[in-house]
Amino acid sequence: MNTGSNSASPRPTAMLRAFGQLLRFGREQALSCLFPVVIFAALALTRMIELPLLPRYDWLLILCLLMQVIMVRSGLETRDELKVITLFHLIGLALELFKVHMGSWSYPGEGYSKIFGVPLYSGFMYASVASYLCQAWRRLDVRLVAWPPFPVVTLLAAAIYLNFFTHHYWIDVRWWLCLLVVIVFRRARVNYRVGESRYRMPLVLSFVLIGFFIWIAENIATFFGAWTYPNQTQAWSLVHLGKVSSWLLLVIVSFLIVATLKKVKGEQRAPAESAEPG
């Protein structure tokens with residue numbers, strides 16, 4: 001009787017530990033999503049309450065800028081991460097200008113900060129993805145295993161980004177690019193830390209998971225009027241599931257840029273540390 005009781009006791013302990021690790025992982029993920037959460041809160045606030053003096057898009061820009069300043073001043077983001085986020089703001093804004101011009105979606109509201117029909121706050125929605133990646137990378141101590149050669153990564157990221165533009169004039173090769181991603185990163189793994197334990201995940205799986213959750217976030221954003229797809233002009237409807245592939249590819253571009261910059265930064269830091277006197 002006692003022997004059976006002792007042999008069964010490790011199972012609840014292991015389950016409690018696994019549950020505790022899951023809670024720690026969720027907490028780190030929630031903290032990493034702080035910038036996106038603030039953007040969603042700002043979208044909801046300005047949708048429910050009409051703020052005075054300025055149009056909604058201008059208030060959204062001010063709130064995003066204010067949050068960015070707070071993130072850096074408080075130390076939640078480093079200056080190097082700010083540079084990455086600014087780069088993503090510009091990349092996203094360029095894509096927005098083109099997509100709105102092509103009629104893929106629109107921003108029907110008024111705003112002093114609109115350029116060619118695109119409000120400047122929209123770039124922060126892309127920047128928030130970079131913010132999440134940078135935050136999660138640091139908080140979970142992410143390390144890459146079996147990372148492909150730099151030229152291959154660069155060419156693949158460039159091809160994915162260019163396809164967002166060229167498919168309006170030529171064939172859409174996104175599924176071929178997805179296949180290339182699977183081939184190039186088939187051996188790559190993400191090594192991350194939760195508490196005192198480290199775990200591994202296939203990199204391609206992490207791409208799919210992030211892309212899916214961004215699609216969910218996109219539905220929330222369009223519900224609160226962040227932008228409008230042609231099928232949502234009369235009434236809000238669920239964003240087509242096919243958009244997951246677009247977000248998947250955009251996440252891959254984001255991840256590849258962040259990973260490359262982190263890798264370069266790490267290589268620059270290593271010689272400097274080895275040069276220090278013992």
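Helix axes that meet at angles over 145 degrees count as roughly antiparallel. That cut-off is a handy starting point for this predicted model, in which helix α7 (residues 150-166) and helix α8 pack at an angle of about 160°. α7 and α8 are therefore roughly antiparallel to each other. Their axes lie 10 Å apart, and the crossing of the two helices is left-handed. On the α7 side, the contact is made by Val152, Leu156, Ala159, Ile160 and Asn163; α8 contributes Arg174, Leu177, Leu180, Val181 and Val184.

It is worth staying with α8 for a moment. This helix spans residues 174-184, and its buried residues are Arg174, Leu177, Cys178 and Val181. These residues sit on the same side of α8, because the arc they cover around the axis is only 105°. Arg174, Leu177 and Val181 also appear among the residues of α8 that touch α7. The face turned away from the buried side of α8 looks quite unlike a hidden surface, as it carries the exposed residues Trp175 and Trp176.

A second helix pair can be described in the same terms. Two packed helices are described by the angle between their axes and the distance between the axes. For helix α5 (residues 79-101) and helix α6 (residues 122-139), the axes come within 7 Å and cross at roughly 145°. The crossing in which α5 passes α6 is right-handed. Residues of α5 that make the contact include Val84, Ile85, Phe88, His89 and Leu93, and among those of α6 are Phe124, Tyr126, Ala127, Ala130 and Cys134.

Two of these contact residues, Ile85 and Phe124, are also touched by glutamine 68. Glutamine 68 belongs to helix α4 (residues 56-73). It counts as buried because its relative accessibility is 8%, under the 20% limit. Leaving aside residues up to four places away in sequence, glutamine 68 also touches Phe35, Glu77 and Leu82.

Turning to the strands, an open sheet of 3 strands is arranged in the order β3-β4-β5, and the pairing is antiparallel. Strands β3 (143-145) and β5 (197-202) form the edges, each pairing on one side only. On average, neighbouring strands of this sheet are turned by 30° against each other, direction ignored.

Strand β4 (residues 189-194) runs antiparallel to β5 and is joined to it by 6 bridges. Strands of a sheet pair through backbone hydrogen bonds, either parallel or antiparallel. Arginine 189 has proline 202 of β5 as its bridge partner, while valine 194 stands opposite serine 197 in β5. The hairpin of β4 and β5 has 2 residues between the strands, and glycine 195 takes a positive phi near 65° there.

As for the chain overall, the protein chain holds 10 helices and 5 strands. Of its 278 residues, 43% are buried. Among contacts with a separation of 6 or more, 73% join residues that are 24 or more positions apart.

Technical notes:
Residues are numbered from 1 along each chain as its sequence is written. This is a predicted model: local features need pLDDT of at least 70, side-chain atom pairs count only at pLDDT 80 or more; totals for chains, interfaces and linings use all residues. Side-chain values use heavy atoms; hydrogens and water are left out. Buried means under 20% relative accessible area, exposed over 50%, partly exposed in between (1.4 Å probe, protein chains only). Helices (H or I, at least four residues) and strands (E, at least two) are DSSP runs, numbered from the N terminus. The arc is that of the directions from the helix axis to the C-beta atoms. Two strands pair if DSSP finds at least two bridges between them. Axes are lines fitted to C-alpha atoms, for helices over the stretch in contact, and angles run from 0 to 180 degrees between N-to-C directions. Angles under 35 degrees count as roughly parallel, over 145 as roughly antiparallel, 65 to 115 as roughly perpendicular and the rest as oblique. A crossing is left-handed if the near helix is turned anticlockwise from the far one by less than a right angle, and right-handed if clockwise. Contact means heavy atoms within 4.5 Å.
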